[in-house]
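Student: I have a model open and would like to learn how to read its sheets, its ligand shell and a loop residue. Can we walk through it together?

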Amino acid sequence: MRYVIAGNSVATVAAIEAIRKRDDKGEIVVISPEARTAYCRPLITYHLAGQVPAERLPYRQEGFYKAQGVRVLYNRALEGLEPEKGRVVLTGGEKLEFDRLLLAIGATPFIPPIERVEGPGVYPFTSMDHMEAVEAQLKDWREVVVVGAGMIGIKTAEALHARGVKVTIVELLDKILPIVLDEASSAWARETLEKAGVEYVLGDSVVAVERNAQGDVKGVTLRSGTFIPCQGVIVAVGVRPNVAPLSGSGVDINKGVLVDDRMETSLENVFAAGDVVEAYDLILGAKRPIQLWPLAYRQGLIAGANMAGGRKRYVGGFPINSVGFLGFKVASAGLSTVEPGVEEESFEVMVFEDKERGVYRKVVVGNNRLMGFLLLNDTSRAGVYSGLIWSRMDISLFKDALVEEVSMPEACRLAAYGLEPWSFESMRDFRRMGWALFPRSYRKHFTAMPSRIEEVCAFESEVCTI
Ligand SMILES: Cc1cc2nc3c(=O)[nH]c(=O)nc-3n(C[C@H](O)[C@H](O)[C@H](O)COP(=O)(O)OP(=O)(O)OC[C@H]3O[C@@H](n4cnc5c(N)ncnc54)[C@H](O)[C@@H]3O)c2cc1C
């Protein structure tokens, strides 16, 4: 049996481990355009900032591939797929046959139509190559424009700021972290940027990169006509599933590669996992790309197991993020941007705010199920909230107290028996009550899932291990 895996990142590592659990003899070949072992992509901005040393970047070392009996074809990319012949086409026209194929080729940065965006001084920021290219330019950059105030844009802006560069963020929408924050929390984020001296422009977009006669960047022009001088531009307006190498292959693609709950594509024996796929979103109840490390890992595990004859199913995932920048900490999941007060009929939004401590806690409830949360600065409840989303349990008993300054077991006792939160009686049953509240499925997720937000998303402080 020959397993061919295109891509060499987290989904691939998980798939290798899952295959080897079931098949220690089959040949595994990995196709890796980047000449390096799998690395912790979410750490590249922290490395640029000088907060994470180079030795913490590899997710797996060369020894891992050796120990697992994996042959890695470095500097080669998947360029085509001939499913009827059971083979892939690689760089230079080389062909490689497979019995099972995994597409784990990730996502590519989206470059919007901006005049003169092609050329030196303009970079996306999604790979080690981008990071090294930007780092090499730092000696010549005094001012940089970061296009996009999403997760990657903000983290890159923070890193450049830490390296002493004057940063201006330009965001088309009217919020910082627009797909994560609501109005109130975005205001807090703006305040954080202002205090740190990072400039930003919201509700505007870069329409042209201005270059001098030598082609070097001298600034950008915005739709409003504003000119911002800079020597470098980072384009961070999002990523798209990397489906270009699959065109004409016959594999079903919408925005990403479509997979069933076994992570198999529309082509037999061809599986896909990670940022390249469109998989089930538990909250929306539909398939869509959700480009997150823990989901890529879990999808890789499931794909690998099924490629080797297993019967694992992917139940779905949902967006879940934890990001810290300039001392501002945000954890969010699901429908975190629903505004309090303007909720649609189907949602209830509860908010707890303590301006003095900088704490903002919001939950979004739909049909008595937790559909999303947003936590600023005190992110300690992220694990419990994400467990509640996972479990899809009915939270009507304690939903009103969910954001309050009492723990959830206490909230339930209060709701159920009207007891004082810190009474001896409440405390005595604290632990038992806590676990008893959650169904088995939840407990399993809470204790064993690799998607516990504190473990896998807190890349700023921990080595990215699963
Ligand atoms: C700066 C940054 C910060 C991030 N922060 C977070 C975070 O805090 N939390 C979080 O959950 N997620 C974060 N992410 C997203 C996370 O890194 C991705 O979801 C995850 O890496 C996806 O893994 P993957 O296995 O699908 O592939 P990727 O990590 O996208 O890697 C794709 C692999 O495919 C290879 N490849 C590309 N084209 C081809 C081809 N034609 N043939 C063969 N191989 C190919 C690439 O070389 C690479 O090895 C961040 C991403 C970035 C860029």
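Tutor: Sure. One idea to start with: two strands count as paired if DSSP finds at least two bridges between them. Keep in mind that this is a predicted model.

Student: Okay, how many bridges join strand β10 to strand β16?

Tutor: Four, with β10 (residues 143–147) and β16 (residues 232–235) running parallel. For a spot to click on, take Val144, which stands opposite Gly232 in β16.

Student: Which helix packs on that sheet?

Tutor: That's α5 (residues 151–162), which touches β10, β11 (166–171) and β16. The direction of α5 makes about 165° with that of β11.

Student: And what is the strand order of the open sheet of five strands?

Tutor: Read it as β9-β16-β10-β11-β12, with parallel pairing. At the edges stand β9 (122–123) and β12 (199–202); each has a single partner strand, so one side of each is left without a neighbour in the sheet.

Student: What order does the open sheet of three strands have?

Tutor: There you get β13-β14-β15, and the pairing is antiparallel. Its edge strands, β13 (206–211) and β15 (227–229), each pair on one side only. If you ignore direction, neighbouring strands of this sheet are turned by 25° against each other on average.

Student: Where would I look for the bridges between β14 and β15?

Tutor: Go to residues 217–222, which make up β14: three bridges join β14 to β15, and the two run antiparallel. Within that region, Gly219 stands opposite Pro229 in β15.

Student: On to the ligand. How many residues surround the ligand, and which are the closest?

Tutor: The count is 36, using a cut-off of 6 Å from the C-beta atom to the molecule. Gly7, Ser9, Pro42, Gly106 and Gly274 are the closest. By type, the shell divides into 21 nonpolar, 11 polar and four charged residues.

Student: Which helices and strands each supply at least two residues of that shell?

Tutor: Look at α1 (10–22), β2 (27–32), α2 (44–48), α5 and α7 (293–307). Domain 1 (2–108 + 240–307) and domain 2 (122–237) each give at least three residues to the shell.

Student: Last one: is Gly341 buried or exposed?

Tutor: Exposed, because Gly341 has 7 C-beta neighbours inside 10 Å, and the cut-off for exposed is 12 or fewer. You'll find Gly341 in the loop between β23 (328–334) and β24 (347–354). As a distance to check, the C-alpha atoms of Gly341 and Val351 are separated by 10.0 Å, with their positions 10 residues apart along the chain.

Definitions and conventions
Residues are numbered from 1 along each chain as its sequence is written. This is a predicted model: local features need pLDDT of at least 70, side-chain atom pairs count only at pLDDT 80 or more; totals for chains, interfaces and linings use all residues. Two residues are in contact if their C-beta atoms, placed from the backbone, lie within 7 Å. Axes are lines fitted to C-alpha atoms, for helices over the stretch in contact, and angles run from 0 to 180 degrees between N-to-C directions. Ala, Val, Leu, Ile, Met, Phe, Trp, Tyr, Cys and Pro count as nonpolar, Asp, Glu, Lys and Arg as charged, and the others, Gly among them, as polar. Domain bounds come from an automatic or database domain assignment. A residue is buried if 20 or more other C-beta atoms lie within 10 Å of its own, exposed if 12 or fewer, and partly exposed in between; C-beta atoms are placed from the backbone.
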